[in-house]
Amino acid sequence: MRNSVDHPSAGPSVIQRVMSILNLFSRNHTVITVEEISEVLGMSSASAYRYASELSQAGLLARSSGKFRLGPKIIELEYLIRFYDPVISAAQDLMEGLAELTSCDVLLCNFYEDTIVNVSHIPGRTPARITYSKGLPMPLFRGSQAHVVLAHLDRRKLRRLYDAGMSDPALRPDVCAIGADWPRFLSALKAIRERGHYVSRSELDSSVTGFAAPVFGEAGEIVSSIVVAANTGLPLRMPEESMITLVVQTAQVLSQRLISHSK
């Protein structure tokens with residue numbers, strides 16, 4: 001795909017334009033039109049159609065009765081992630097074992113730059129009602145998965161996310177719930193880091209308690225979190241402290257696997 005403007009100050013890059021198109025898709029909007037592409041890119045319908053056509057040739061889009069839907073390349077990439085992503089592959093049997101021991105749902109929530117996504121979900125014998133199912137981005141400042149991830153970020157990146165969250169009216173309440181200002185925000189996350197886990201109660205779903213522990217990559221960086229989602233309306237199969245211990249131990253084993261695999 002050619003971009004007639006190369007100077008970085010002249011406008012969005014090709015990648016930014018492609019992402020603007022792909023971001024038009026959502027659960028409730030699975031087919032897009034040339035007119036929508038034209039509007040989001042701020043260009044003529046003819047130019048928007050050329051973009052869509054080239055993305056179709058690349059397999060990222062597919063024509064459908066004069067409109068466009070996600071293409072086969074997206075499906076291929078999802079397959080590769082589902083079966084060959086190193087974190088998901090290393091976690092599979094551990095998650096199954098944790099679900100069996102606890103009878104609860106077990107989630108693997110990966111961290112990508114500034115997004116947390118549920119990438120794997122093993123239902124338990126007493127499943128919980130979970131809003132953020134596999135594949136959906138999760139709140140960055142709310143829920144057990146978010147707290148353990150934030151608690152293990154380096155300060156520079158954490159400050160960037162904090163400032164962005166405080167400046168966003170939709171995110172600000174979640175940020176302030178952790179800490180009303182930067183010192184208190186840092187202090188709350190430091191306490192979580194020292195504990196090595198976080199328990200959320202009805203933070204994402206009213207009937208769910210989440211037990212989460214951090215997963216680290218080869219360089220000691222936070223890459224994911226293991227979460228047990230328990231139905232608040234049902235008695236736990238074991239004491240909370242035992243549940244926490246199992247989640248922490250599972251996350252530690254997964255971290256060791258990722259470190260060993262990288263050597």
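Let's start on a helix: Glu-76 makes a salt bridge with Lys-73, and their closest N and O atoms sit 3.4 Å apart. This is a predicted model, so every distance here comes from predicted coordinates. Both partners belong to helix H4, three residues from each other, which is about one turn of the helix. Glu-76 is partly exposed at 38% relative accessibility, and Lys-73 is partly exposed too, at 31%.

Stay on H4 for a second pair. The side chains of Arg-82 and Glu-78 meet in a salt bridge of 3.3 Å, N to O. These two are four residues apart in helix H4, so about one helical turn separates them. Arg-82 comes out as partly exposed at 33% relative accessibility, and Glu-78 as partly exposed at 35%. As a general point, side chains of opposite charge can pair when their charged atoms come close.

H4 isn't just about charges, though. Helix H4 covers residues 72–84 and includes Tyr-84, which is exposed with a relative accessible area of 55%. Tyr-84 joins Leu-77, Tyr-79, Leu-80 and Phe-83 in a nonpolar patch on the surface, and together they have about 500 Å² of accessible area.

How many salt bridges does a search of the whole structure find? The count is nine. One that reaches between separate parts of the chain joins the side chains of Arg-142 and Asp-174, at 3.2 Å from N to O. Arg-142 is in the loop between S5 and H6 while Asp-174 is in helix H8, so this pair ties together parts that are 32 residues apart in sequence. Arg-142 is partly exposed at 25% relative accessibility, whereas Asp-174 is buried at 16%.

Now for the sheet. Six strands make an open sheet with antiparallel pairing, and their order is S5-S4-S3-S8-S7-S6. At the edges are S5 and strand S6 (198–201), each pairing on one side only. Let's walk in from the S5 edge. Strand S5 (residues 137–138) pairs with S4 in the antiparallel sense over two bridges, and here Val-117 stands opposite Pro-137 in S5. Next, S4 pairs with strand S3 (residues 105–112), again in the antiparallel sense, over seven bridges. Six of the eight residues of S4 (residues 115–122) are buried, so the strand is largely enclosed by the rest of the structure. The hairpin of S3 and S4 has two residues between the strands, and Glu-113 takes a positive phi near 60 degrees there.

At the other edge, S6 pairs with strand S7 (residues 208–216) in the antiparallel sense over four bridges. Arg-201 stands opposite Thr-209 in S7.

Glu-113 has company in its backbone angle. Most residues other than glycine have a negative phi. Ser-103, which isn't a glycine, has a positive phi of about 65 degrees; this serine is in the loop between helix H5 (86–102) and S3, and is buried at 8% relative accessible area. Ser-202 also has a positive phi, near 60 degrees, and lies in the loop between S6 and S7. Ser-202 is partly exposed, at 38% relative accessibility.

What about disulfides: how many does a search of the whole structure find? There are zero. Take Cys-104: the closest cysteine sulfur is in Cys-109, 15 Å away, and that is too far for a bond. Cys-104 is buried at 4% relative accessible area, and Cys-109 is buried at 0%. Cys-109 does have a partner of another kind, since its bridge partner in S4 is Asn-118.

Finally, look inside. The largest nonpolar core has 31 residues, and those touching the most other members are Ile-116, Phe-141, Leu-150, Leu-153, Leu-158, Phe-185 and Leu-189. Elements that give two or more residues to this core include S3, helix H6 (144–150), helix H7 (155–166), helix H9 (182–195) and strand S8 (222–231). H9 gives the most, with five residues. In soluble globular proteins, nonpolar side chains tend to be buried together.

For a sense of span, go to Arg-50 in helix H3 (residues 45–57), a partly exposed residue at 49% relative accessible area. The C-alpha atoms of Arg-50 and Lys-190 are separated by 50 Å, and the two residues are 140 apart along the chain.

Definitions and conventions
Residues are numbered from 1 along each chain as its sequence is written. This is a predicted model: local features need pLDDT of at least 70, side-chain atom pairs count only at pLDDT 80 or more; totals for chains, interfaces and linings use all residues. Side-chain values use heavy atoms; hydrogens and water are left out. Patches are made of residues with over 30% relative accessible area and no salt bridge: like charges are joined within 9 Å, nonpolar side chains (Val, Leu, Ile, Met, Phe, Trp, Tyr) within 5 Å. Accessible areas come from the Shrake-Rupley method with a 1.4 Å probe; for residues, only the protein chains shown count as cover. A salt bridge is a side-chain nitrogen of Lys or Arg within 4 Å of a carboxyl oxygen of Asp or Glu. Buried means under 20% relative accessible area, exposed over 50%, partly exposed in between (1.4 Å probe, protein chains only). A disulfide is a pair of cysteine sulfur atoms within 2.5 Å. Two strands pair if DSSP finds at least two bridges between them. A nonpolar core is a set of buried Ala, Val, Leu, Ile, Met, Phe, Trp, Tyr and Cys residues joined through side-chain atoms within 4.5 Å.
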